[in-house]
Amino acid sequence: MLKLYNTLTRKKEIFKPLKDKKVGLYTCGPTVYNYAHIGNLKKYIGDDVLKRVLIYNGYKVTHVMNITDVGHLVSDNDGGEDKIEKGAKEQGKTAWELARFFEDYFWKSLKEVGVLMPDVAPRATEHIKEQIKLIEKLEKRGFTYKTQQAVYFDVGKFPNYTKLTGQKLEDKKIGAREETVVDKDKKNPYDFALWFFATGRFKNHTMRWPSPWGEGFPGWHLECSAMSMKYLGDTFDIHTGGIDHLTVHHPNEIAQSEAATGKQFVRFWIHHDFLLVDGEKMSKSKKNFYTIEDIKTRKLNPLAFRYFCLNSHYRSKLNFTWQGLEAAQNALNNLYEDYRNIFSDTTKKKLVGKGETYRRQFIDAINDDLNTPQALAIMWEAIKDESLLANDKKQLLLDFDKVFGLGLSKIKRLEIPAEIKKLAAQREKLRREKKWQEADEIRKKIEGLGYKIEDASEKTNIKKV
Ligand code: AMP
Ligand code: ZN
(Lines give C-alpha, C1' and ligand atoms only; values in the text may rest on other atoms or scores of the structure.)
(Ligands and ions follow the chains in the order given, each with its own letter.)
Protein backbone atom coordinates (compact mmCIF):
# COMPACT_ATOMS: atom_id res chain seq x y z
CA MET A 1 0.00 0.00 0.00
CA LEU A 2 1.72 3.15 -1.26
CA LYS A 3 1.12 6.37 0.65
CA LEU A 4 2.09 9.77 -0.77
CA TYR A 5 1.86 13.24 0.75
CA ASN A 6 -0.60 15.12 -1.45
CA THR A 7 -0.06 18.89 -1.33
CA LEU A 8 -3.64 19.36 -2.50
CA THR A 9 -5.15 17.74 0.61
CA ARG A 10 -2.16 18.48 2.85
CA LYS A 11 -2.00 14.90 4.10
CA LYS A 12 -0.55 11.49 3.32
CA GLU A 13 -3.02 9.53 1.23
CA ILE A 14 -3.18 5.99 -0.09
CA PHE A 15 -2.25 6.20 -3.75
CA LYS A 16 -4.46 4.46 -6.27
CA PRO A 17 -4.31 5.34 -9.97
CA LEU A 18 -7.33 6.26 -12.04
CA LYS A 19 -6.92 3.26 -14.31
CA ASP A 20 -5.99 -0.20 -12.94
CA LYS A 21 -2.23 -0.43 -12.73
CA LYS A 22 -1.48 2.49 -15.08
CA VAL A 23 -0.07 5.76 -13.77
CA GLY A 24 0.12 9.09 -15.62
CA LEU A 25 3.03 11.11 -14.20
CA TYR A 26 3.94 14.66 -15.22
CA THR A 27 7.04 16.32 -13.83
CA CYS A 28 7.83 19.98 -14.55
CA GLY A 29 11.03 20.07 -16.55
CA PRO A 30 13.88 22.55 -16.90
CA THR A 31 14.06 26.02 -18.42
CA VAL A 32 17.04 25.47 -20.69
CA TYR A 33 18.86 28.82 -20.47
CA ASN A 34 21.84 27.82 -18.32
CA TYR A 35 23.69 24.77 -16.95
CA ALA A 36 21.50 22.45 -14.87
CA HIS A 37 22.95 22.58 -11.34
CA ILE A 38 22.86 20.01 -8.58
CA GLY A 39 19.97 21.88 -6.89
CA ASN A 40 17.90 21.18 -10.00
CA LEU A 41 19.17 17.60 -9.95
CA LYS A 42 17.89 17.04 -6.39
CA LYS A 43 14.40 17.59 -7.78
CA TYR A 44 14.88 15.24 -10.74
CA ILE A 45 16.40 12.54 -8.51
CA GLY A 46 13.36 12.91 -6.24
CA ASP A 47 11.04 12.49 -9.24
CA ASP A 48 13.06 9.48 -10.33
CA VAL A 49 12.68 7.81 -6.93
CA LEU A 50 8.93 8.37 -7.10
CA LYS A 51 8.79 6.83 -10.57
CA ARG A 52 10.94 3.86 -9.54
CA VAL A 53 8.80 3.27 -6.43
CA LEU A 54 5.69 3.24 -8.62
CA ILE A 55 7.33 0.72 -10.96
CA TYR A 56 8.52 -1.34 -7.97
CA ASN A 57 4.89 -1.49 -6.85
CA GLY A 58 3.92 -3.00 -10.18
CA TYR A 59 2.52 0.11 -11.89
CA LYS A 60 3.06 0.86 -15.54
CA VAL A 61 4.12 4.51 -15.55
CA THR A 62 3.78 6.93 -18.46
CA HIS A 63 6.17 9.72 -17.59
CA VAL A 64 6.00 13.07 -19.34
CA MET A 65 8.49 15.86 -18.67
CA ASN A 66 8.46 19.14 -20.57
CA ILE A 67 11.37 21.18 -21.82
CA THR A 68 10.76 24.92 -21.38
CA ASP A 69 12.48 26.51 -24.34
CA VAL A 70 10.31 29.62 -24.57
CA GLY A 71 8.07 31.80 -22.42
CA HIS A 72 9.59 31.60 -18.94
CA LEU A 73 10.15 35.20 -17.91
CA VAL A 74 12.65 36.24 -15.27
CA SER A 75 9.79 36.68 -12.82
CA ASP A 76 7.13 34.00 -12.47
CA ASN A 77 4.62 36.88 -12.36
CA ASP A 78 5.17 37.94 -15.98
CA GLY A 79 7.92 40.49 -15.25
CA GLY A 80 11.28 40.90 -16.99
CA GLU A 81 12.65 39.36 -20.15
CA ASP A 82 12.28 35.82 -21.39
CA LYS A 83 15.09 33.81 -19.71
CA ILE A 84 16.13 32.13 -22.95
CA GLU A 85 16.14 35.29 -25.08
CA LYS A 86 18.12 37.06 -22.33
CA GLY A 87 20.67 34.22 -22.08
CA ALA A 88 21.04 34.09 -25.88
CA LYS A 89 21.74 37.81 -26.06
CA GLU A 90 24.33 37.58 -23.29
CA GLN A 91 26.10 34.64 -24.89
CA GLY A 92 25.89 35.78 -28.49
CA LYS A 93 23.86 32.74 -29.60
CA THR A 94 20.41 32.39 -31.10
CA ALA A 95 17.65 31.47 -28.68
CA TRP A 96 17.30 28.12 -30.47
CA GLU A 97 21.02 27.33 -30.22
CA LEU A 98 21.11 28.24 -26.56
CA ALA A 99 18.05 26.13 -25.73
CA ARG A 100 19.39 23.03 -27.52
CA PHE A 101 22.83 23.37 -25.96
CA PHE A 102 21.52 23.53 -22.40
CA GLU A 103 18.91 20.87 -23.07
CA ASP A 104 21.71 18.47 -24.10
CA TYR A 105 23.67 19.36 -20.99
CA PHE A 106 20.57 18.70 -18.90
CA TRP A 107 20.00 15.20 -20.34
CA LYS A 108 23.67 14.32 -19.83
CA SER A 109 23.51 15.45 -16.21
CA LEU A 110 20.37 13.39 -15.57
CA LYS A 111 22.06 10.26 -16.94
CA GLU A 112 25.09 10.82 -14.72
CA VAL A 113 22.92 10.70 -11.61
CA GLY A 114 21.06 7.56 -12.68
CA VAL A 115 17.73 9.14 -13.64
CA LEU A 116 15.49 7.07 -15.93
CA MET A 117 14.48 8.95 -19.07
CA PRO A 118 10.86 10.11 -19.45
CA ASP A 119 8.63 8.40 -22.01
CA VAL A 120 7.76 11.73 -23.61
CA ALA A 121 9.83 14.93 -23.35
CA PRO A 122 7.83 17.56 -25.26
CA ARG A 123 9.36 20.94 -26.01
CA ALA A 124 7.19 24.02 -25.57
CA THR A 125 8.28 25.37 -28.97
CA GLU A 126 7.01 22.20 -30.65
CA HIS A 127 3.54 22.50 -29.08
CA ILE A 128 2.51 26.01 -30.02
CA LYS A 129 -0.59 24.73 -31.83
CA GLU A 130 -1.82 22.89 -28.71
CA GLN A 131 -1.21 25.98 -26.57
CA ILE A 132 -3.15 28.22 -28.93
CA LYS A 133 -6.04 25.71 -28.91
CA LEU A 134 -6.12 25.80 -25.13
CA ILE A 135 -6.33 29.61 -25.12
CA GLU A 136 -9.18 29.42 -27.66
CA LYS A 137 -11.05 27.06 -25.35
CA LEU A 138 -10.53 29.40 -22.42
CA GLU A 139 -11.61 32.36 -24.51
CA LYS A 140 -14.84 30.57 -25.50
CA ARG A 141 -15.58 29.86 -21.87
CA GLY A 142 -15.02 33.51 -20.90
CA PHE A 143 -11.83 33.15 -18.85
CA THR A 144 -9.57 35.48 -20.83
CA TYR A 145 -9.12 39.19 -21.63
CA LYS A 146 -6.76 41.06 -23.86
CA THR A 147 -4.57 44.12 -23.27
CA GLN A 148 -1.98 45.79 -25.52
CA GLN A 149 0.68 43.48 -24.14
CA ALA A 150 -0.92 40.07 -23.73
CA VAL A 151 -3.91 37.76 -23.49
CA TYR A 152 -4.48 37.08 -19.79
CA PHE A 153 -6.23 34.45 -17.73
CA ASP A 154 -8.79 36.17 -15.54
CA VAL A 155 -8.18 34.58 -12.13
CA GLY A 156 -11.20 36.34 -10.61
CA LYS A 157 -13.44 34.17 -12.81
CA PHE A 158 -11.99 30.92 -11.52
CA PRO A 159 -13.32 29.89 -8.11
CA ASN A 160 -10.97 28.13 -5.73
CA TYR A 161 -7.79 29.45 -7.35
CA THR A 162 -5.86 28.99 -4.10
CA LYS A 163 -6.94 25.42 -3.35
CA LEU A 164 -3.40 24.08 -3.73
CA THR A 165 -1.72 26.54 -1.39
CA GLY A 166 -4.54 27.13 1.07
CA GLN A 167 -3.62 30.85 0.86
CA LYS A 168 -6.27 33.55 0.81
CA LEU A 169 -6.55 35.31 -2.54
CA GLU A 170 -6.31 38.60 -0.64
CA ASP A 171 -2.84 37.66 0.68
CA LYS A 172 -1.80 36.69 -2.80
CA LYS A 173 -2.95 40.05 -4.11
CA ILE A 174 -0.62 41.82 -1.67
CA GLY A 175 2.29 39.48 -2.51
CA ALA A 176 1.86 39.97 -6.23
CA ARG A 177 1.55 43.74 -5.89
CA GLU A 178 4.99 43.90 -4.31
CA GLU A 179 6.43 42.90 -7.65
CA THR A 180 6.40 45.50 -10.38
CA VAL A 181 3.25 45.07 -12.39
CA VAL A 182 4.48 45.75 -15.90
CA ASP A 183 1.08 45.92 -17.56
CA LYS A 184 -1.16 48.61 -16.03
CA ASP A 185 -4.16 47.19 -17.91
CA LYS A 186 -4.02 43.91 -16.05
CA LYS A 187 -7.26 43.59 -14.05
CA ASN A 188 -5.58 41.92 -11.10
CA PRO A 189 -1.88 41.58 -10.34
CA TYR A 190 -2.19 37.78 -10.08
CA ASP A 191 -3.81 37.37 -13.51
CA PHE A 192 -1.27 35.66 -15.71
CA ALA A 193 -0.34 35.84 -19.38
CA LEU A 194 -1.40 33.07 -21.73
CA TRP A 195 0.01 34.78 -24.82
CA PHE A 196 2.48 37.67 -25.03
CA PHE A 197 2.53 39.93 -28.08
CA ALA A 198 5.88 40.39 -29.80
CA THR A 199 5.50 44.16 -29.60
CA GLY A 200 6.46 46.82 -27.05
CA ARG A 201 8.87 45.35 -24.49
CA PHE A 202 8.96 42.14 -26.55
CA LYS A 203 9.42 43.74 -29.95
CA ASN A 204 12.86 42.13 -30.32
CA HIS A 205 11.72 38.71 -29.16
CA THR A 206 13.12 36.31 -31.75
CA MET A 207 10.97 33.27 -30.98
CA ARG A 208 7.51 34.23 -32.27
CA TRP A 209 4.50 32.60 -33.89
CA PRO A 210 1.26 33.83 -35.48
CA SER A 211 -1.91 33.45 -33.41
CA PRO A 212 -5.56 34.56 -33.61
CA TRP A 213 -4.66 37.47 -31.25
CA GLY A 214 -1.47 38.61 -32.93
CA GLU A 215 2.12 37.47 -33.37
CA GLY A 216 3.84 36.49 -30.15
CA PHE A 217 4.74 33.63 -27.85
CA PRO A 218 3.04 31.61 -25.10
CA GLY A 219 3.25 32.33 -21.37
CA TRP A 220 5.26 29.78 -19.40
CA HIS A 221 2.42 28.20 -17.39
CA LEU A 222 0.41 27.32 -20.47
CA GLU A 223 2.81 24.74 -21.89
CA CYS A 224 2.54 22.44 -18.85
CA SER A 225 -1.27 22.32 -19.09
CA ALA A 226 -1.34 21.89 -22.87
CA MET A 227 1.33 19.19 -23.02
CA SER A 228 0.39 17.22 -19.90
CA MET A 229 -3.24 16.96 -21.03
CA LYS A 230 -2.19 16.10 -24.58
CA TYR A 231 -0.13 13.10 -23.45
CA LEU A 232 -1.90 12.05 -20.24
CA GLY A 233 -5.54 13.13 -20.66
CA ASP A 234 -7.63 15.87 -19.02
CA THR A 235 -7.33 14.24 -15.60
CA PHE A 236 -4.22 12.35 -14.61
CA ASP A 237 -2.66 10.84 -11.51
CA ILE A 238 0.47 12.66 -10.36
CA HIS A 239 2.11 16.03 -11.04
CA THR A 240 5.38 17.03 -9.38
CA GLY A 241 7.58 20.09 -9.15
CA GLY A 242 9.94 22.04 -6.92
CA ILE A 243 8.46 23.80 -3.91
CA ASP A 244 8.98 27.14 -5.72
CA HIS A 245 6.23 26.14 -8.15
CA LEU A 246 3.67 25.82 -5.40
CA THR A 247 2.50 29.42 -5.20
CA VAL A 248 2.33 30.62 -8.82
CA HIS A 249 3.09 28.06 -11.53
CA HIS A 250 1.00 25.17 -10.25
CA PRO A 251 -2.10 27.17 -9.20
CA ASN A 252 -1.97 28.72 -12.69
CA GLU A 253 -1.73 25.30 -14.31
CA ILE A 254 -4.74 24.10 -12.30
CA ALA A 255 -6.78 27.22 -13.09
CA GLN A 256 -6.27 27.18 -16.85
CA SER A 257 -6.67 23.37 -17.18
CA GLU A 258 -9.79 23.07 -15.03
CA ALA A 259 -11.33 26.19 -16.53
CA ALA A 260 -10.87 24.68 -19.99
CA THR A 261 -12.11 21.15 -19.29
CA GLY A 262 -14.45 21.56 -16.33
CA LYS A 263 -12.75 18.49 -14.84
CA GLN A 264 -10.24 17.89 -12.07
CA PHE A 265 -6.74 18.34 -13.57
CA VAL A 266 -4.46 16.36 -11.25
CA ARG A 267 -5.21 14.00 -8.36
CA PHE A 268 -1.88 14.01 -6.50
CA TRP A 269 0.50 16.98 -6.27
CA ILE A 270 4.02 16.27 -5.03
CA HIS A 271 6.54 19.02 -4.13
CA HIS A 272 10.26 18.66 -3.54
CA ASP A 273 12.08 20.93 -1.14
CA PHE A 274 15.32 22.76 -1.96
CA LEU A 275 19.00 22.03 -1.96
CA LEU A 276 20.69 24.79 0.03
CA VAL A 277 24.23 26.13 0.23
CA ASP A 278 25.14 27.87 3.51
CA GLY A 279 21.45 27.95 4.38
CA GLU A 280 20.41 29.63 1.09
CA LYS A 281 18.65 28.10 -1.92
CA MET A 282 21.16 26.98 -4.55
CA SER A 283 20.26 28.97 -7.64
CA LYS A 284 21.55 30.23 -10.94
CA SER A 285 20.75 33.83 -10.07
CA LYS A 286 22.68 33.76 -6.77
CA LYS A 287 25.62 32.11 -8.55
CA ASN A 288 26.06 29.78 -5.57
CA PHE A 289 25.63 26.65 -7.63
CA TYR A 290 27.67 23.60 -8.57
CA THR A 291 27.26 21.31 -11.55
CA ILE A 292 28.07 17.67 -12.22
CA GLU A 293 31.39 18.88 -13.73
CA ASP A 294 32.37 20.38 -10.36
CA ILE A 295 31.70 17.01 -8.73
CA LYS A 296 33.75 15.17 -11.32
CA THR A 297 36.62 17.67 -11.10
CA ARG A 298 36.93 16.70 -7.44
CA LYS A 299 37.12 13.05 -8.47
CA LEU A 300 33.77 12.28 -6.90
CA ASN A 301 31.15 10.06 -8.52
CA PRO A 302 27.92 11.84 -9.59
CA LEU A 303 26.10 8.85 -8.09
CA ALA A 304 27.52 9.90 -4.71
CA PHE A 305 25.36 13.01 -5.12
CA ARG A 306 22.39 10.73 -5.75
CA TYR A 307 23.24 8.81 -2.55
CA PHE A 308 23.52 12.17 -0.73
CA CYS A 309 19.96 13.04 -1.86
CA LEU A 310 18.57 9.59 -1.02
CA ASN A 311 19.82 10.04 2.52
CA SER A 312 17.36 12.88 3.09
CA HIS A 313 13.60 12.99 2.59
CA TYR A 314 12.36 14.71 -0.56
CA ARG A 315 10.12 17.06 1.44
CA SER A 316 13.05 18.26 3.60
CA LYS A 317 15.58 20.94 2.78
CA LEU A 318 19.05 19.53 2.23
CA ASN A 319 22.16 21.56 2.93
CA PHE A 320 24.97 20.84 0.48
CA THR A 321 28.58 20.69 1.68
CA TRP A 322 31.59 19.04 0.04
CA GLN A 323 32.19 17.21 3.33
CA GLY A 324 28.68 15.79 3.15
CA LEU A 325 29.26 14.68 -0.43
CA GLU A 326 32.56 13.02 0.50
CA ALA A 327 30.80 11.12 3.29
CA ALA A 328 28.22 9.97 0.71
CA GLN A 329 31.07 8.90 -1.61
CA ASN A 330 32.58 6.80 1.22
CA ALA A 331 29.23 5.16 1.89
CA LEU A 332 28.84 4.43 -1.83
CA ASN A 333 32.36 2.94 -2.01
CA ASN A 334 31.55 0.73 0.97
CA LEU A 335 28.33 -0.40 -0.68
CA TYR A 336 30.15 -1.29 -3.92
CA GLU A 337 32.90 -3.05 -1.97
CA ASP A 338 30.44 -5.05 0.15
CA TYR A 339 28.46 -6.02 -2.94
CA ARG A 340 31.59 -7.04 -4.85
CA ASN A 341 32.65 -9.25 -1.99
CA ILE A 342 29.45 -11.19 -1.67
CA PHE A 343 30.40 -14.64 -2.80
CA SER A 344 27.43 -16.68 -3.86
CA ASP A 345 27.33 -19.62 -6.24
CA THR A 346 23.61 -19.51 -6.87
CA THR A 347 21.38 -16.94 -8.48
CA LYS A 348 18.20 -18.18 -6.83
CA LYS A 349 15.76 -15.25 -6.85
CA LYS A 350 13.32 -16.33 -4.17
CA LEU A 351 14.02 -14.84 -0.77
CA VAL A 352 13.15 -16.75 2.37
CA GLY A 353 13.16 -16.06 6.12
CA LYS A 354 15.29 -13.09 7.06
CA GLY A 355 15.81 -11.97 3.46
CA GLU A 356 12.06 -11.65 3.04
CA THR A 357 11.75 -9.77 6.35
CA TYR A 358 14.26 -7.17 5.16
CA ARG A 359 12.42 -6.84 1.86
CA ARG A 360 9.14 -6.21 3.67
CA GLN A 361 10.78 -3.56 5.85
CA PHE A 362 12.23 -1.90 2.75
CA ILE A 363 8.81 -1.83 1.04
CA ASP A 364 7.20 -0.35 4.16
CA ALA A 365 9.82 2.44 4.15
CA ILE A 366 9.60 3.39 0.47
CA ASN A 367 5.81 3.11 0.47
CA ASP A 368 5.61 5.48 3.41
CA ASP A 369 5.85 8.65 1.30
CA LEU A 370 9.19 7.58 -0.20
CA ASN A 371 11.17 7.34 3.03
CA THR A 372 14.55 6.72 1.38
CA PRO A 373 16.72 7.51 4.46
CA GLN A 374 14.89 4.72 6.31
CA ALA A 375 15.21 2.40 3.29
CA LEU A 376 18.98 3.03 3.17
CA ALA A 377 19.25 2.24 6.90
CA ILE A 378 17.49 -1.08 6.25
CA MET A 379 19.90 -1.83 3.42
CA TRP A 380 22.91 -1.27 5.69
CA GLU A 381 21.38 -3.44 8.40
CA ALA A 382 20.99 -6.24 5.86
CA ILE A 383 24.57 -5.80 4.61
CA LYS A 384 25.97 -6.03 8.13
CA ASP A 385 23.81 -9.02 9.07
CA GLU A 386 26.24 -11.94 9.06
CA SER A 387 23.49 -14.48 9.49
CA LEU A 388 21.95 -13.52 6.15
CA LEU A 389 22.78 -16.03 3.42
CA ALA A 390 25.11 -14.62 0.77
CA ASN A 391 22.68 -15.27 -2.07
CA ASP A 392 19.83 -13.57 -0.18
CA LYS A 393 22.08 -10.58 0.47
CA LYS A 394 23.01 -10.31 -3.18
CA GLN A 395 19.38 -10.60 -4.35
CA LEU A 396 18.24 -8.06 -1.77
CA LEU A 397 20.82 -5.46 -2.78
CA LEU A 398 19.94 -5.85 -6.45
CA ASP A 399 16.27 -5.59 -5.62
CA PHE A 400 16.70 -2.43 -3.48
CA ASP A 401 18.78 -0.88 -6.24
CA LYS A 402 15.75 -0.91 -8.54
CA VAL A 403 14.62 2.03 -6.38
CA PHE A 404 17.96 3.49 -5.26
CA GLY A 405 19.41 3.47 -8.79
CA LEU A 406 23.01 3.45 -7.56
CA GLY A 407 24.26 1.29 -10.43
CA LEU A 408 24.91 -1.93 -8.47
CA SER A 409 24.16 -4.20 -11.41
CA LYS A 410 27.17 -2.68 -13.21
CA ILE A 411 29.53 -3.52 -10.37
CA LYS A 412 31.47 -6.64 -11.24
CA ARG A 413 31.26 -9.07 -8.41
CA LEU A 414 34.36 -10.88 -7.27
CA GLU A 415 35.12 -13.96 -9.34
CA ILE A 416 36.75 -16.51 -7.07
CA PRO A 417 39.27 -18.66 -8.97
CA ALA A 418 38.50 -22.40 -9.06
CA GLU A 419 41.70 -23.16 -7.15
CA ILE A 420 40.64 -20.96 -4.22
CA LYS A 421 37.13 -22.41 -4.20
CA LYS A 422 38.64 -25.92 -4.07
CA LEU A 423 40.91 -25.01 -1.17
CA ALA A 424 37.99 -23.41 0.67
CA ALA A 425 35.93 -26.57 0.22
CA GLN A 426 38.80 -28.71 1.55
CA ARG A 427 39.11 -26.43 4.57
CA GLU A 428 35.39 -26.65 5.18
CA LYS A 429 35.58 -30.43 5.17
CA LEU A 430 38.52 -30.42 7.62
CA ARG A 431 36.63 -28.07 9.91
CA ARG A 432 33.61 -30.36 9.89
CA GLU A 433 35.97 -33.18 10.86
CA LYS A 434 37.29 -30.89 13.63
CA LYS A 435 40.83 -31.00 12.17
CA TRP A 436 41.41 -27.40 13.19
CA GLN A 437 45.15 -27.22 12.64
CA GLU A 438 45.05 -28.57 9.08
CA ALA A 439 42.08 -26.33 8.32
CA ASP A 440 44.05 -23.37 9.57
CA GLU A 441 46.98 -24.19 7.35
CA ILE A 442 44.76 -24.17 4.30
CA ARG A 443 43.36 -20.82 5.42
CA LYS A 444 46.92 -19.44 5.50
CA LYS A 445 47.58 -20.87 2.06
CA ILE A 446 44.44 -19.14 0.75
CA GLU A 447 45.61 -15.88 2.31
CA GLY A 448 48.99 -16.35 0.68
CA LEU A 449 47.15 -16.40 -2.66
CA GLY A 450 45.48 -13.06 -1.90
CA TYR A 451 42.07 -14.16 -0.55
CA LYS A 452 40.54 -13.99 2.88
CA ILE A 453 38.15 -16.44 4.51
CA GLU A 454 35.40 -15.12 6.78
CA ASP A 455 33.29 -17.58 8.75
CA ALA A 456 29.71 -16.33 9.10
CA SER A 457 27.26 -18.43 11.06
CA GLU A 458 25.54 -20.04 8.07
CA LYS A 459 28.14 -19.75 5.35
CA THR A 460 31.78 -19.07 4.77
CA ASN A 461 32.55 -15.98 2.71
CA ILE A 462 35.62 -15.52 0.54
CA LYS A 463 36.94 -12.00 -0.07
CA LYS A 464 39.90 -10.53 -1.87
CA VAL A 465 42.47 -9.11 0.57
P1 AMP B 1 14.33 25.77 -13.70
O2 AMP B 1 15.20 25.15 -14.74
O3 AMP B 1 14.90 27.01 -13.10
O4 AMP B 1 12.91 25.95 -14.18
O5 AMP B 1 14.28 24.73 -12.51
C6 AMP B 1 14.04 23.38 -12.75
C7 AMP B 1 13.56 22.70 -11.49
O8 AMP B 1 14.57 22.71 -10.48
C9 AMP B 1 12.34 23.37 -10.86
O10 AMP B 1 11.37 22.37 -10.60
C11 AMP B 1 12.84 23.97 -9.58
O12 AMP B 1 11.87 23.88 -8.59
C13 AMP B 1 14.02 23.07 -9.25
N14 AMP B 1 15.04 23.76 -8.45
C15 AMP B 1 15.67 24.92 -8.74
N16 AMP B 1 16.59 25.21 -7.76
C17 AMP B 1 16.52 24.21 -6.86
C18 AMP B 1 17.20 23.92 -5.62
N19 AMP B 1 18.14 24.71 -5.12
N20 AMP B 1 16.88 22.78 -4.97
C21 AMP B 1 15.94 21.95 -5.47
N22 AMP B 1 15.24 22.16 -6.61
C23 AMP B 1 15.54 23.28 -7.30
ZN1 ZN C 1 5.25 23.13 -15.13
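In which helix is Ala 439 found? In this predicted model, Ala 439 belongs to helix α15, which spans residues 436-448. The residue is buried, its relative accessible area being 3%. Leaving aside residues up to four places away in sequence, Ala 439 touches Arg 427, Leu 430 and Arg 431. Pro 17 lies 422 residues from Ala 439 in sequence, and the C-alpha atoms of the two are 59 Å apart in space.

The three residues touched by Ala 439 take part in the packing of helix α14 against α15. Helix α14 comprises residues 418-432, and its axis runs 8 Å from that of α15 at an angle of about 165°. Because angles over 145 degrees count as roughly antiparallel, the two helices are assigned to that class. The crossing of α14 and α15 is left-handed. On the α14 side, the contact is formed by Ile 420, Leu 423, Ala 424, Gln 426, Arg 427, Leu 430 and Arg 431. Helix α15 contributes Trp 436, Glu 438, Ala 439, Ile 442, Arg 443, Lys 445 and Ile 446.

A further helix pair is formed by α10 (residues 322-340) and α12 (residues 372-384), whose axes come within 11 Å and cross at roughly 40°. This angle places α10 and α12 in an oblique arrangement, and their crossing is left-handed. Ala 331, Asn 334, Leu 335 and Asp 338 are the residues of α10 that meet α12, where their counterparts are Met 379, Trp 380 and Ile 383.

The zinc ion (ligand 2) is bound by four protein donor atoms. These are supplied by Cys 28 (SG), Cys 224 (SG), His 249 (NE2) and Glu 253 (OE), at 2.0 to 2.7 Å from the ion. Angles among the donor atoms range from 73 to 132°, and the site is irregular. The tetrahedral class is excluded because it requires all angles to lie between 85 and 135 degrees, whereas the range at this site begins at 73°. In sequence, the donor residues follow the spacing C-x195-C-x24-H-x3-E. Two of the donors, Cys 224 in helix α6 (residues 220-232) and His 249 in helix α7 (residues 249-261), are 25 residues apart and link distant parts of the chain. Cys 224 is buried, with a relative accessible area of 0%. His 249 is likewise buried, also at 0%.

Key. Residues are numbered from 1 along each chain as its sequence is written. Chains are lettered from A and ligands numbered from 1 in the order in which they are written. This is a predicted model: local features need pLDDT of at least 70, side-chain atom pairs count only at pLDDT 80 or more; totals for chains, interfaces and linings use all residues. Side-chain values use heavy atoms; hydrogens and water are left out. Donors are N, O and S atoms within 2.8 Å of the metal (3.2 Å for Na, K and Ca); water is not among the atoms, so sites may look incomplete. Four donors count as tetrahedral if all angles lie between 85 and 135 degrees; four count as square planar and six as octahedral if opposite donors are over 155 degrees apart and all others between 65 and 115; anything else is irregular. Helices (H or I, at least four residues) and strands (E, at least two) are DSSP runs, numbered from the N terminus. Buried means under 20% relative accessible area, exposed over 50%, partly exposed in between (1.4 Å probe, protein chains only). Contact means heavy atoms within 4.5 Å. Axes are lines fitted to C-alpha atoms, for helices over the stretch in contact, and angles run from 0 to 180 degrees between N-to-C directions. Angles under 35 degrees count as roughly parallel, over 145 as roughly antiparallel, 65 to 115 as roughly perpendicular and the rest as oblique. A crossing is left-handed if the near helix is turned anticlockwise from the far one by less than a right angle, and right-handed if clockwise.
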